[in-house]
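Me: I'm new to this structure and would love a close look at a single part of it. Could you take the annotated site as a starting point and walk me outward from there?

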Amino acid sequence: MWRKVTSTSFSSLKSSLFFTRLHLQQASKHNAASASAVSRFATIAPLQEKDGRCPFITFVLGGPGSGKGTQCIKIVETFGFKHLSAGDLLRREMVSNSEYGSMILNTIKEGRIVPSEVTVKLILKEMESSDNHKFLIDGFPRSEENRIAFEKISGAEPDVVLFFDCPEDEMVKRVLSRNQGRIDDNIDTIKKRLKVFEALNLPVIDYYAKKGKVHRINAVGTVDEIFEQVKPVFKACEQKAFNRS
């Protein structure tokens with residue numbers, strides 16, 4: 001179930017507001033308009049039960065080329081989860097005509113990282129609008145700062161964290177195979193992405209591993225062979241997911 005990591009007490013509220021103000025102050029140094037948009041994204045309430053059931057959430061993590069997107073498709077087909085890709089949500093918002101889309105586009109153009117509060121808001125909005133109560137969040141959190149933002153804003157932790165553990169050489173080979181004719185141009189970029197993943201994402205995995213939430217998947221093999229490792233994770237908690245109250 002969703003585990004509350006912040007209470008509804010006044011002290012908790014002050015802590016959450018302080019966290020939001022801190023990031024708004026940092027954003028305002030770059031662009032006052034962006035800071036205003038971030039403020040509206042950040043001021044949201046934690047997710048609530050719907051139809052008497054709490055949301056069941058899985059974080060899906062792994063480096064570029066680890067195959068997590070492909071496995072998410074199979075999890076959706078087999079276990080009926082709703083798949084939410086943080087990157088896809090940001091890109092979809094960015095090409096929209098909303099003020100938030102403009103803010104995201106300008107942030108990326110300026111070479112800055114989209115504030116965590118924005119990504120969390122987009123994720124929670126999708127969850128709230130869905131009839132499903134089981135969610136795969138793909139590619140988020142990417143850093144400890146992302147993780148803290150999610151927990152503070154949503155007031156919850158994930159039930160399961162899937163980590164697709166894949167050797168760097170294998171990930172590089174897979175990503176290069178998707179970039180037709182552009183191997184020499186992209187190998188350095190891919191390796192940089194992997195270094196960023198290792199520096200930022202692995203602390204998140206370590207944090208949840210200490211809480212007993214991480215299921216490490218050996219991401220080498222065929223799609224079906226890897227999925228055979230994934231299935232027991234969800235079969236073990238399937239009853240909990242379907243019988244929440």
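Reply: Let's begin at N146, where UniProt, in an unreviewed entry, places the feature "binding site". Please keep in mind that everything here is read from a predicted model. N146 belongs to helix α7, which covers residues 144-154. Is N146 buried or exposed? Its relative accessible area is 11%, and because buried means under 20%, N146 counts as buried.

Which residues does N146 touch, once its neighbours within four places in sequence are set aside? They are S116, F140 and P141. Two of these names come back in another feature: F140 and P141 are joined by a cis peptide bond, with omega at about 0°. P141 sits in the loop between β3 and α7. The third contact, S116, falls in helix α6, which spans residues 116-129.

Follow α6 along and you meet E126, which is found in that helix. E126 is buried too, with a relative accessible area of 14%. Not counting residues up to four places away in sequence, E126 touches L84, L89 and R92. L84 is a good one to remember, as it turns up again in the sheet, where its bridge partner in β3 is I137.

Now for β3 itself, the strand on the other side of the loop that holds P141. Strand β3 takes in residues 134-138 and is mostly covered: 5 of its 5 residues are buried. Which way do its residues point? K134, L136 and D138 point one way from β3, while F135 and I137 point the other way, and all are buried. This fits a general pattern: in a regular strand, side chains alternate between the two faces of the sheet.

Where does β3 fit among the strands? The open sheet is formed by 5 strands in the order β2-β3-β1-β4-β5, and the pairing is parallel. The edge strands are β2 and β5, each of which pairs on one side only. From one strand to the next, the twist averages 20°. Helix α4, residues 86-94, packs on this sheet and touches β2 and β3; its direction makes about 65° with that of β2.

We can look at the pairings in turn. Strand β2, residues 82-85, pairs with β3 in the parallel sense over 4 bridges. On the other side, β1 and β3 pair in the parallel sense over 5 bridges, and one example has F56 with K134 of β3 as its bridge partner. From β1 the sheet continues to strand β4, residues 160-165, which runs parallel to β1 and is joined to it by 5 bridges. Here F59 has V161 in β4 as its bridge partner.

Strand β1 also leads us to another residue worth a visit. S66 has its place in the loop between β1 (56-62) and α3 (68-79). How covered is S66? With a relative accessible area of 1%, S66 is buried. Its side chain reaches the backbone oxygen of G63 at 2.8 Å. Leaving aside neighbours within four places in sequence, S66 is in contact with F164, C166, M171, R174 and A219. One of these, F164, falls within the residues of β4. S66 and V175 show how the chain folds back on itself: they are 109 residues apart in sequence, yet their C-alpha atoms are 9.0 Å apart in space.

Stepping back, the chain holds 11 helices and 5 strands. Buried residues make up 47% of its 245 residues. Among contacts between residues at least 6 apart in sequence, 81% join residues at least 24 apart.

Finally, how far can you trust the picture? The chain averages a pLDDT of 79, and 72% of the residues score at least 70. Confidence is highest in strand β5 (residues 214-218), at a mean of 97, and lowest in helix α1 (residues 10-28), at 37. Over residues 1-42 the pLDDT stays under 50, although the model has 69 contacts beyond four places in sequence for that stretch. Residues 181-185 are also below 50, and there the model shows 1 contact beyond near neighbours in sequence. Where pLDDT is low, the predicted coordinates should not be read in detail.

Terms used:
Residues numbered from 1 in each chain as written. Predicted model: local features only at pLDDT ≥ 70, side-chain atom pairs only at ≥ 80, totals over all residues. Heavy atoms only, no water. UniProt positions renumbered as here; feature names shortened; annotations may be inferred. Helix = DSSP H or I, 4+ residues; strand = E, 2+ residues; numbered from the N terminus. Buried < 20%, exposed > 50% of the residue type's maximum accessible area, 1.4 Å probe, protein only. Contact = heavy atoms within 4.5 Å. Polar contact = N/O pair within 3.5 Å; in protein donor to acceptor, adjacent residues only side chain to side chain. pLDDT = per-residue confidence, 0-100. Pairing = 2+ DSSP bridges. Axes fitted to C-alpha atoms, helices over the stretch in contact; angles between N-to-C directions.
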